[in-house]
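Biologist: I've got a model open and a few labels I'd like to see justified. Could you walk me through them?

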Amino acid sequence: MSETPTPHIELYVRSLLPDGAHERQEAVIENLERLEREDAIADFSVIVWGKQIARDSAAAHTEEGRYILNRVAEFKQWALSNNVSLESFYQTKDVESGVTDERYTTMVLPVMGLAEYRDGELQHVAPCSDGDVVHTIMDRLERLEAGEPPAIEEESRGATVV
């Protein structure tokens, strides 16, 4: 058995799903359930978030809104520290309110995101990209099942990832 603590996984899913996303979310949840049964992960939680959030909106000032914004800020700090990018998965866009005609910036949240914690410390976020290489949620789940560290960890040590 590895000396590394077993991870806790947080899976973030969008509440209103685009076509095809429901099946992908179900497959990831089924994989997480299996990994938990096999003790490859300590446990997991599923957090439902919306399509987007504006930092200055009333929703952003709720407990749930602050939680999402804090988590995304943590994810972005992790990406910066690990020399990877989340930009194509957490995009910002300008929106015009049909009611007030005001323009504001919103952050579009991914359909699904995974955060891996060990001893309360964020260890990995998926999806993320390292140059042209995208590290997907399924990639990370496969590596967890095999007892392997995240691919970006191996790459930073100079190992070749196939």
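Biologist: What makes Phe 75 a contact of Tyr 12, Leu 86, Tyr 90, Ala 115, Tyr 117, Leu 122 and Val 125?

Modeller: In this predicted model, Phe 75 touches each of those seven residues, with neighbours up to four places away in sequence left out. Touching takes heavy atoms within 4.5 Å, so these pairs are called contacts.

Biologist: Why is Phe 75 called buried?

Modeller: Buried means under 20% relative accessible area. Phe 75 has 1% relative accessibility, so it counts as buried. You'll find Phe 75 in helix α2.

Biologist: And what makes a group of residues a nonpolar core?

Modeller: Two things: the residues are buried ones of the nonpolar kinds, and they are joined through side-chain atoms within 4.5 Å. The largest such core here has 23 residues, and Phe 75, Trp 78 and Tyr 90 touch the most other members. Two or more residues each come from β2 (43–49), α2 (63–81), β6 (112–118) and β7 (121–126). Helix α2 gives the most, with six residues. There's also another core, apart from that one, with 15 residues, including Ile 29, Leu 32, Met 112 and Leu 144.

Biologist: Why would nonpolar side chains be buried together?

Modeller: It's a general tendency in soluble globular proteins.

Biologist: How do you know that the protein's radius of gyration agrees with a compact globule?

Modeller: For 162 residues, the expected value for a compact globule is near 15 Å; the protein has 17 Å, so the two agree. As for the box, the C-alpha atoms fill roughly 60 × 30 × 30 Å along the principal axes.

Biologist: How much of the protein counts as buried?

Modeller: Of its 162 residues, 40%. On the outside, the protein exposes about 9,500 Å², with carbon and sulfur atoms supplying 47% of it.

Biologist: What share of the contacts with a separation of 6 or more joins residues 24 or more positions apart?

Modeller: That share is 60%.

Biologist: How many helices and strands does the protein have, and in what pattern?

Modeller: Four helices and nine strands. Along the sequence they read β-α-β-β-α-β-β-β-β-β-β-α-α.

Biologist: Last one: how many positive and negative side chains are there, and how far apart are the centres of the two sets?

Modeller: There are 15 positive and 32 negative side chains, and the two centres lie 3 Å apart. Lys and Arg count as positive, Asp and Glu as negative, so His plays no part in that tally.

Definitions and conventions. Residues are numbered from 1 along each chain as its sequence is written. This is a predicted model: local features need pLDDT of at least 70, side-chain atom pairs count only at pLDDT 80 or more; totals for chains, interfaces and linings use all residues. Side-chain values use heavy atoms; hydrogens and water are left out. The radius of gyration is taken over C-alpha atoms; the globule rule is 2.2 Å times the number of residues to the power 0.38. Buried means under 20% relative accessible area, exposed over 50%, partly exposed in between (1.4 Å probe, protein chains only). Accessible areas come from the Shrake-Rupley method with a 1.4 Å probe; for residues, only the protein chains shown count as cover. The place of a charge is taken as NZ of Lys, CZ of Arg, CG of Asp or CD of Glu.
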